[in-house]
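Hi,

Here is the structure I said I would pass on to you. Have a look at it first, and then read on for what turned up.

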Amino acid sequence: MTNPAFKTSIATVSISGTLEAKLQAIAAAGYDGAEIFENDLLSTHLSAREIAALMGDLGLVCTMFQPFRDLDGLPEPQRARAFDRLERKFDVMQELGTDLLLVCSSCSPIADGNRERTIADLTEAAERAAARGLRLGYEALAWGRHVHDHREAWGIVRDADHPALGLVLDSFHSLSRKIPSSSIGDIRADKLFIVQVADAPMLDMDHLGWSRHFRSMPGQGDFPLDDWAAAIRKIGYQGYWSLEIFNDRFRAGSASGVALDGYRALRLLEGGITRPSASAASLPPRVKTSGVEFIEFAASHEEAENLAAMLRPLGFRPTARHRSKDVTRWTQGLENPVNIVINCEPEGLAHSFDVVHGASVCALGLAVDDVPGALARADFLRVPRFIQALAPDEWPIPSVRGVGGSLIYFVDAATRAAMWAHEFPHRLEDPVPGPRLAIDHIAQTMQYEEFLSWLLFYVALFDVGKTPQLDIADPMGLIQSQAVENADRSVRFTLNGSLAAQSLTSRFIQNYFGAGVQHIAFATDDIVAVADAAHAQGLPRLAIPRNYFDDLEARWGLEPELIESMAARDILYDRDGEAEYLQFYSRAFARRVFFEVVERRGYAGYGAVNAPIRLAAQARHKPDFPD
């Protein structure tokens with residue numbers, strides 16, 4: 001279900017590869033059109049007419065040719081040469097089959113900032129364009145020499161009042177300069193020729209460098225794009241929404257992957273990134289989740305025994321076996337238990353996962369209230385479903401592909417009890433009493449280049465928000481980390497990526513052969529009791545240096561008895577105001593996955609201040625995460 005009034009486009013500069021590969025990726029992702037960037041045209045062996053034919057075959061409209069630089073305010077003879085160059089670009093446009101040319105505000109050091117002269121130059125250019133049935137879109141670059149504000153650009157376009165001259169609005173140029181989006185209300189919709197979209201992190205740097213290296217897809221950055229888009233819709237704009245992204249990570253990525261991310265990002269913007277847009281009612285809503293229903297491990301029988309040796313000290317017991325498969329349900333807690341599924345089937349996705357990655361998390365089950373709606377949202381975003389053969393008596397649980405080729409199951413929250421009873425009828429051990437656990441968060445590690453893509457995956461598909469991005473110090477380099485959470489924090493994922501080849505994150509990816517779940521955090525109301533029980537039953541724990549606890553005492557003024565209690569159990573501590581966070585870690589299972597137990601006392605974060613301590617401790621255990 002898509003809105004035909006919301007027309008999608010992307011500039012070819014946004015993705016990597018040859019022009020032919022870019023256009024094929026753009027078409028495959030589902031865009032309506034593409035802007036042809038001049039350098040892409042100059043570097044291809046295809047003529048402009050052949051490009052137009054290829055786009056026609058692919059079902060793409062050429063939405064714009066861009067950019068034309070330094071037209072206005074030039075002295076002679078530079079002015080005459082600029083207009084001669086303009087005429088040649090008109091020739092190219094006619095062969096490309098597009099009627100719109102992007103004209104940037106001048107950055108030339110010899111350009112005159114006289115407003116009347118700028119209007120005169122643009123009027124003459126528009127008159128020449130009109131003679132060929134073409135149009136010009138004037139854009140205020142954030143680093144323009146004299147015009148760097150869309151309000152100035154609109155005033156020039158308005159006063160020139162030529163039918164072939166209109167405005168181009170680019171979110172980066174406006175929002176990086178913090179220009180109020182309310183000012184868009186002064187623009188006439190018929191004079192807004194195209195809208196270009198980019199997000200970005202909030203940085204304190206020059207606008208040109210910021211633009212050329214740090215633009216991102218809507219939803220991946222910090223710009224208030226919902227306000228900006230709402231102001232454009234309010235004036236009645238009906239044209240293309242076109243991505244123009246400059247980002248070093250995307251240039252290193254695959255054209256198809258980045259193009260698909262861009263398409264999803266535009267659809268996210270269409271419905272609203274942080275709040276519903278005016279058009280959201282006609283679109284499949286983002287998926288609301290109410291908890292992590294299960295975590296599924298793929299494992300051989302030997303690996304399953306080793307995993308069991310780590311789960312039992314945490315209070316898990318194998319409580320039921322699948323009705324027909326070599327799959328065991330492990331639970332912790334007497335009511336509303338935490339569910340871990342260990343799949344030892346000799347064929348199927350789990351077996352393939354184990355062959356490639358070794359014992360590892362191959363699937364997650366998320367409880368949702370509206371399974372058909374969740375599937376509709378996934379289809380809307382072109383998230384691939386996973387279809388597997390079911391035995392006649394198996395309970396169908398639809399799923400989609402997630403991080404590293406793993407699965408995300410949509411579990412119907414209303415029928416989950418019936419699902420467990422049906423699928424796991426063979427009783428095994430009884431659950432045991434003790435401190436109850438809950439799934440606090442799941443940490444997924446990925447290639448640095450994939451980080452923004454998976455961040456977008458979560459915020460576009462699920463009704464989650466994102467926390468501020470952090471750089472965490474590993475002994476061997478920096479790790480980028482960011483969390484996504486639903487409203488009641490019953491579902492939380494932390495995403496981690498690193499460029500440092502020897503960081504823990506990178507070593508996990510090398511050893512695991514791809515992205516995946518690196519650690520699972522359980523929440524408790526009594527971390528001391530959990531730690532004592534786990535350690536008494538042989539959970540291999542991560543040792544924390546005494547120096548850390550001595551510093552805690554000095555930093556927070558904690559009672560010596562509390563310090564000694566935490567040191568004896570390797571429990572880390574953080575505080576935010578009056579809120580407190582306590583955490584301890586296991587050693588790694590199968591050199592891949594480790595467990596964390598946390599106690600939150602009004603604390604909303606993830607103990608980022610302790611991450612370097614944990615990473616340094618893990619670096620000392622080479623058998624856990626080998627080079």
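**The barrel**

Let's start with helix H6 (residues 150-160), which lies across strand E5 (135-139) and strand E6 (165-170) and runs at about 165 degrees to E6. Before you go further, keep in mind that this is a predicted model.

E5 and E6 belong to a closed barrel of eight strands, in the order E1-E2-E3-E4-E5-E6-E7-E8, and the pairing in this barrel is parallel. On average, neighbouring strands here are turned by 30 degrees against each other, if you ignore direction. Where does the barrel bring E1 and E8 together? Strand E1 (residues 7-11) and strand E8 (residues 240-243) run parallel and are joined by four bridges. If you want one pair to click on, try Ile 10, whose bridge partner in E8 is Leu 243.

**Helices that pack on each other**

A quick bit of background: two packed helices are described by the angle between their axes and the distance between the axes.

Take helix H4 (residues 78-96) and helix H5 (residues 115-131): their axes come within 11 Å and cross at roughly 30 degrees. Angles under 35 degrees count as roughly parallel, so H4 is roughly parallel to H5. The crossing of H4 past H5 is right-handed. Which residues do the touching? On the H4 side they are Arg 79, Phe 83, Leu 86, Glu 87 and Phe 90, and on the H5 side Asp 121, Glu 124, Ala 125, Arg 128 and Ala 129. Sorted by class, that contact has five nonpolar residues, five charged ones and no polar ones.

H4 also packs against helix H3 (residues 48-58), at an angle of about 35 degrees and with the axes 7 Å apart. H3 and H4 make a right-handed crossing too. Here H3 brings Ala 48, Arg 49, Ile 51 and Ala 52, while H4 brings Val 92, Glu 95 and Leu 96. In the contact of H3 with H4, five residues are nonpolar, two are charged and none is polar.

**The open sheet**

Further along the chain you'll find an open sheet of nine strands with mixed pairing, in the order E14-E15-E16-E13-E9-E12-E11-E10-E17. What are its edges? They are strand E14 (385-386) and strand E17 (426-427), each of which pairs on one side only.

Strand E9 (residues 289-298) and strand E12 (residues 338-343) run parallel and are joined by four bridges. One pair to look for is Ala 298 with its bridge partner in E12, Asn 343. Helix H12 (residues 301-311) packs on this sheet and touches E9, strand E11 (327-332) and E12, and its direction makes about 165 degrees with that of E12.

**A hairpin and a loop residue**

Strand E20 (residues 470-474) and strand E21 (residues 477-485) pair in the antiparallel sense over five bridges. Two residues make up the hairpin that joins E20 to E21. Ile 472 stands opposite Ile 479 in E21.

Last stop: Asp 190, in the loop between helix H7 (171-175) and strand E7 (192-197). Its relative accessibility is 49%, so Asp 190 counts as partly exposed. How far is Asp 190 from His 426 in sequence and in space? The two are 236 residues apart in sequence and 68 Å apart in space, C-alpha to C-alpha.

Cheers

Note on methods. Residues are numbered from 1 along each chain as its sequence is written. This is a predicted model: local features need pLDDT of at least 70, side-chain atom pairs count only at pLDDT 80 or more; totals for chains, interfaces and linings use all residues. Side-chain values use heavy atoms; hydrogens and water are left out. Axes are lines fitted to C-alpha atoms, for helices over the stretch in contact, and angles run from 0 to 180 degrees between N-to-C directions. Angles under 35 degrees count as roughly parallel, over 145 as roughly antiparallel, 65 to 115 as roughly perpendicular and the rest as oblique. A crossing is left-handed if the near helix is turned anticlockwise from the far one by less than a right angle, and right-handed if clockwise. Contact means heavy atoms within 4.5 Å. Ala, Val, Leu, Ile, Met, Phe, Trp, Tyr, Cys and Pro count as nonpolar, Asp, Glu, Lys and Arg as charged, and the others, Gly among them, as polar. Two strands pair if DSSP finds at least two bridges between them. Buried means under 20% relative accessible area, exposed over 50%, partly exposed in between (1.4 Å probe, protein chains only).
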